[in-house]
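The following report looks at selected local features of one protein model, with attention to packing, aromatic pairs and backbone geometry.

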Amino acid sequence: MEANPEEAIKNNVQGTYEIAWAAHKYGARKFVLVSTDKAVNPSSVMGASKRIAEMIVQHLNTISSTNYAAVRFGNVLGSRGSVIPLFRRQILAGGPVTVTHEKMIRYFMTIPEAVQLIIQAGALASGGEIFLLDMGEPVRILDLAETLIRLSGFEPYSDIEIEITGIRPGEKLYEELLTPEEGVEATAHRRIFAAKPCQLPTELIEAVMAGFSQPRPGGLPSDLESSLNFIRKFLPEFKLVRPRPRLLETAAASKEE
């Protein structure tokens with residue numbers, strides 16, 4: 001998504017709108033958007049596009065009989081793109097195991113936990129909420145890599161090397177679940193919380209939705225610059241985080257090897 005921001009926006013923003021509008025059109029009782037902790041103070045195109053998707057479903061909730069809600073949470077162990085299968089493949093290949101930064105921390109949950117909590121959040125939804133899931137304690141990725149190496153019968157840095165490759169585009173050392181202005185409220189479920197609603201850019205959302213509704217949807221960005229302009233209409237403070245050139249060179253050299 002960071003390499004193709006216009007496609008990320010088409011998928012996460014327009015794609016969410018199309019499915020959410022279909023839910024309204026055909027009278028679905030509830031619609032739950034699976035969002036991400038990266039939507040909070042986003043530093044990536046992925047996170048920013050998900051935050052805009054949250055805004056769209058919150059706005060649709062005000063004009064539809066369908067109850068719309070979003071659920072934010074972090075990494076799901078064993079899902080596509082999860083770091084665990086990657087580490088396992090690297091260990092089986094004899095290493096090195098690659099970690100982007102020695103201080104990188106993330107929240108993790110299992111697939112059954114994620115599925116159950118999304119369904120329960122949907123049951124709790126009365127419309128317009130952004131739910132946050134209790135993700136437990138954050139895990140340092142370097143510790144996770146060392147533990148997996150030991151569980152595989154090897155010794156870190158002796159049998160299997162761990163290589164620090166540098167932070168990737170849009171990546172933060174830690175993820176947040178709330179913006180400062182949101183705050184949090186308890187729900188009937190001890191592991192599910194709701195963010196307090198924020199003011200939405202209603203006119204902007206309606207203009208973008210109207211563009212999406214055209215036979216040939218207009219207003220979609222076509223490159224990095226227009227993608228950033230699109231995002232900053234919704235999130236004026238958005239700054240795209242890019243790694244330093246040295247880190248990019250290190251990562252490229254590692255990939256070639």
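The text below takes up helix packing, then aromatic rings, then single residues and backbone features.

**Helix packing**

The model is predicted, and its local features are reported at pLDDT of at least 70. Helix α6 (residues 202-212) and helix α7 (residues 224-234) have axes that come within 9 Å and cross at roughly 140 degrees. Because this angle does not pass the limit of over 145 for roughly antiparallel, α6 is oblique to α7. On the α6 side the contact is made by Leu204, Ile205 and Val208, and on the α7 side by Phe230, Lys233 and Phe234. Divided by kind, the residues of this contact are five nonpolar, no polar and one charged.

Helix α5 (residues 141-151) has a set of buried residues made up of Ile141, Leu142, Leu144, Ala145, Glu146, Leu148 and Ile149. The cover over these buried residues includes α3 (83-92) together with the strands β4 (97-99), β5 (105-106), β6 (108-110), β8 (139-140) and β9 (162-164). After α5 comes Gly153, which has a positive phi near 90 degrees.

**Aromatic rings**

A pair of aromatic rings is described by the distance of the centres and the angle of the planes. In this model the count comes to four aromatic pairs, and two of them are described here. Tyr17 and Trp21 form a stacked pair, with 6.2 Å centre to centre and 25 degrees between the planes. Because they stand four residues apart in helix α1 (residues 5-25), these two residues are separated by about one helical turn. Tyr17 is buried, with a relative accessible area of 3%, whereas Trp21, at 32% relative accessibility, counts as partly exposed. Phe31 and Tyr68 form a tilted pair, with 5.4 Å centre to centre and 45 degrees between the planes. This pair links distant parts of the chain, since Phe31 lies in strand β1 (residues 30-34) and Tyr68 in strand β2 (residues 67-72), 37 residues apart. Both Phe31 and Tyr68 are buried. Tyr17 and Trp21 also belong, with Phe212, to one aromatic cluster.

**Single residues and backbone features**

His101 lies in the loop between β4 and β5, where its side chain reaches the backbone nitrogen of Lys103 at 2.9 Å. When neighbours within four places in sequence are left aside, His101 is in contact with Ile164, Ile167 and Leu173.

Ala194, in strand β11 (residues 192-195), is buried, with a relative accessible area of 8%. Although Ala194 and Ala125 are 69 residues apart in sequence, their C-alpha atoms are 9.6 Å apart in space.

Which residues does the cis peptide bond join, with omega of about 0 degrees? The bond joins Gly95 and Pro96, and Pro96 lies in the loop between α3 and β4.

Positive phi values are also found at two residues other than glycine, Asn41 and Tyr157, which the table sets side by side.

| Residue | Phi | Place | Relative accessible area |
|---|---|---|---|
| Asn41 | near 45 degrees | loop between β1 and α2 (45-63) | 35% |
| Tyr157 | about 70 degrees | loop between α5 and β9 | 40% |

With these relative accessible areas, Asn41 is partly exposed, and Tyr157 is likewise partly exposed.

Technical notes. Residues numbered from 1 in each chain as written. Predicted model: local features only at pLDDT ≥ 70, side-chain atom pairs only at ≥ 80, totals over all residues. Heavy atoms only, no water. Axes fitted to C-alpha atoms, helices over the stretch in contact; angles between N-to-C directions. Parallel < 35°, antiparallel > 145°, perpendicular 65-115°, else oblique. Contact = heavy atoms within 4.5 Å. Nonpolar A, V, L, I, M, F, W, Y, C, P; charged D, E, K, R; others polar. Buried < 20%, exposed > 50% of the residue type's maximum accessible area, 1.4 Å probe, protein only. Polar contact = N/O pair within 3.5 Å; in protein donor to acceptor, adjacent residues only side chain to side chain. Phe/Tyr/Trp six-rings, centres within 6.5 Å; stacked < 30°, edge-to-face > 60°.
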